[in-house]
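Here is a set of questions and answers about how a few terms apply to one structure. Each answer sets a value against the criterion behind the term.

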Amino acid sequence: MSFRIGQGWDNHRIAEGRPLILGGVTVECEFGLDGHSDADVLSHAVTDAILGALADHDIGAHFPDTDPKWKGAGSLQFLRHACDLAAAAGFRIANVDSTIILQTPKLKDYRLAMRESLATTMGISLAQVSVKFKTAEKVGPVGEGKSAEAQAIVLLIG
Ligand code: C5P
Ligand code: MG
């Protein structure tokens, strides 16, 4: 049996007039995140964690943000593609742990929906997916409400 571990990190600027989509779930909020795709910072971090575990470049190499094809794209398709690459390389996902760092709004009521969305997309069970939330204690760009970050770690078993 072989194991591969990967980590991912992402950051998007907060913008008015954009939806706030996290793990494929739309959060009710007066602002959203800016980006070429749907700017789903959580899905991007999890996708990069899988690609990292596979040592297969990164999300921008697979889905360039200069390609009009990905403008406004739903990011769960990026995650699905990374899972397909993992399966093709002979790996299954043992578990995913992740953290969204966002000052407001409170996200905990969306935790189950995000876990379900990620688990369904990745073809794994709810128990294999963790999503955590932190404020930035009002410090730095995240704390000042200028951006959102996400971190993820994944273990693959082959
Ligand atoms: O950042 P802090 O430790 O103050 O967060 C306390 C708790 O608030 C977190 O453990 C999380 O459950 C929740 N939280 C949240 N949405 C956020 C930030 C934190 O639900 N945007
Ligand atoms: Mg991103």
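Q: What makes the pair formed by an oxygen atom of ligand 1 and the side chain of K134 a polar contact?
A: In this predicted model, an N or O atom in the side chain of K134 is 2.6 Å from an oxygen atom of ligand 1, and a pair of N or O atoms counts as a polar contact within 3.5 Å, so the term applies to K134.

Q: How do you know which part of L102, backbone or side chain, approaches a nitrogen atom of ligand 1?
A: The atom concerned is a backbone N or O atom of L102, and it lies 2.9 Å from the nitrogen atom of ligand 1, which is again within the 3.5 Å cut-off. For T135, by contrast, a polar side-chain atom lies 2.7 Å from an oxygen atom of ligand 1. Taken alone, ligand 1 exposes 460 Å², of which the protein buries 74%.

Q: Which residues surround ligand 1, and of what classes are they?
A: The surrounding residues are L102, P105, K106, L107, K108, R111, F133, K134, T135 and E137; by class, this shell has 4 nonpolar, 1 polar and 5 charged residues.

Q: What makes D10, H12 and H44 donors of the magnesium ion (ligand 2)?
A: The OD atom of D10, the NE2 atom of H12 and the ND1 atom of H44 lie 1.9 to 2.1 Å from the magnesium ion, and the cut-off for this metal is 2.8 Å, so these residues count as its protein donors. Because D10 belongs to strand β1 (residues 3-16) and H44 to helix α1 (residues 41-53), the pair ties together parts that are 34 residues apart in sequence.

Q: What is notable about the peptide bond that joins T104 and P105?
A: This peptide bond is cis, with omega about -5°, and P105 is found in the loop between β5 (92-101) and α4 (111-122).

How values were computed. Residues are numbered from 1 along each chain as its sequence is written. Chains are lettered from A and ligands numbered from 1 in the order in which they are written. This is a predicted model: local features need pLDDT of at least 70, side-chain atom pairs count only at pLDDT 80 or more; totals for chains, interfaces and linings use all residues. Side-chain values use heavy atoms; hydrogens and water are left out. A residue is near a molecule or strand if one of its heavy atoms lies within 4 Å of it. A polar contact is a pair of N or O atoms within 3.5 Å; within protein, one must be able to donate a hydrogen and the other to accept it, and residues adjacent in sequence count only if both atoms are side-chain atoms. Accessible areas come from the Shrake-Rupley method with a 1.4 Å probe; for residues, only the protein chains shown count as cover. Ala, Val, Leu, Ile, Met, Phe, Trp, Tyr, Cys and Pro count as nonpolar, Asp, Glu, Lys and Arg as charged, and the others, Gly among them, as polar. Donors are N, O and S atoms within 2.8 Å of the metal (3.2 Å for Na, K and Ca); water is not among the atoms, so sites may look incomplete. Helices (H or I, at least four residues) and strands (E, at least two) are DSSP runs, numbered from the N terminus.
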